[in-house]
Amino acid sequence: MKKIAVIAHDKLKPVLCDFLKERKDWLWGKSLVATGRTADALEASQPGLNILHVNKGESGGYIEITRMIEKGEISFVIFLRDPSIKQSYHQDIQNLLDACDYHNVPIATNTGAAELIILGLIKKETSRRA
């Protein structure tokens, strides 16, 4: 499996940390990539997690992950975003979402969708072993 990109806006970082902590057995051995403060929050909540840090979102992190998607380095994205946030770098976020659509990379913007993607990947992994 390629990398899993994980991003969360500030008020949703604890939700992402809890969500991933509950799935740590499945995450074992997988490579994560996360924007600056999200990576810091995940490492604080789960020491030893394999995370590639990119810049903070507003400092080019969204652009870095978008480029990784375009290069085929990302399997799927979990982006817990606060839709009420509109910042000067909002176009970077839109470009990331568009890149997922264009390159057929599944993206979850809430934990319900993330759970369904993970369950689908588990089923796919299980069927390959059989």
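## A tour from helix α6 to the core and back

Start by selecting Leu119, which sits in helix α6, the stretch covering residues 111–129. Keep in mind as you go that this is a predicted model. Is Leu119 buried or partly exposed? Its relative accessibility is 44%, so Leu119 counts as partly exposed. Now add Leu116 and Ile122 to the selection: together with Leu119 they make a nonpolar surface patch of about 270 Å².

Next, head inside. Pick out Val6, Leu16, Leu20, Leu42, Phe76 and Ile78, the residues with the most contacts inside the largest nonpolar core, which has 23 residues. To see where that core comes from, colour β1 (3–8), α1 (13–21), α2 (24–27), β2 (32–34), α3 (36–45), β4 (74–80) and α6; each of them supplies at least two of its residues. A second core, of 17 residues, lies apart from that one, and Ala5, Ile7, Ile74 and Phe79 are among its members.

Before leaving the interior, centre on Leu42. Which residues does Leu42 touch beyond its neighbours within four places in sequence? Show Val6, Leu16, Cys17, Leu20, Ala34, Leu49 and Ile51, and you have its contacts.

Time for the charges. Side chains of opposite charge can pair when their charged atoms come close. Six salt bridges turn up in this model, and three of them make good stops.

- Select Glu115 and Arg23: their closest N and O atoms are 2.6 Å apart. Glu115 is in helix α6 while Arg23 is in the loop between α1 and α2, so this pair links parts of the chain 92 residues apart. Arg23 is buried, with a relative accessible area of 17%, whereas Glu115, at 25% relative accessibility, counts as partly exposed.
- Go on to Lys30 and Glu125, with a closest N to O distance of 3.6 Å. Lys30 lies in the loop between α2 and β2 and Glu125 in helix α6, so this bridge ties together parts that are 95 residues apart in sequence. Lys30 is buried, its relative accessible area being 16%.
- Finish with Asp10 and Lys13, whose side chains meet in a salt bridge at 3.4 Å, N to O. Asp10 counts as partly exposed at 48% relative accessibility, while Lys13, at 11%, counts as buried.

Leave that last pair on screen and add Arg37. What links Arg37 with Asp10 and Lys13? The three belong to a network of salt bridges.

Conventions: Residues are numbered from 1 along each chain as its sequence is written. This is a predicted model: local features need pLDDT of at least 70, side-chain atom pairs count only at pLDDT 80 or more; totals for chains, interfaces and linings use all residues. Side-chain values use heavy atoms; hydrogens and water are left out. Patches are made of residues with over 30% relative accessible area and no salt bridge: like charges are joined within 9 Å, nonpolar side chains (Val, Leu, Ile, Met, Phe, Trp, Tyr) within 5 Å. Accessible areas come from the Shrake-Rupley method with a 1.4 Å probe; for residues, only the protein chains shown count as cover. A salt bridge is a side-chain nitrogen of Lys or Arg within 4 Å of a carboxyl oxygen of Asp or Glu. Helices (H or I, at least four residues) and strands (E, at least two) are DSSP runs, numbered from the N terminus. Buried means under 20% relative accessible area, exposed over 50%, partly exposed in between (1.4 Å probe, protein chains only). A nonpolar core is a set of buried Ala, Val, Leu, Ile, Met, Phe, Trp, Tyr and Cys residues joined through side-chain atoms within 4.5 Å. Contact means heavy atoms within 4.5 Å.
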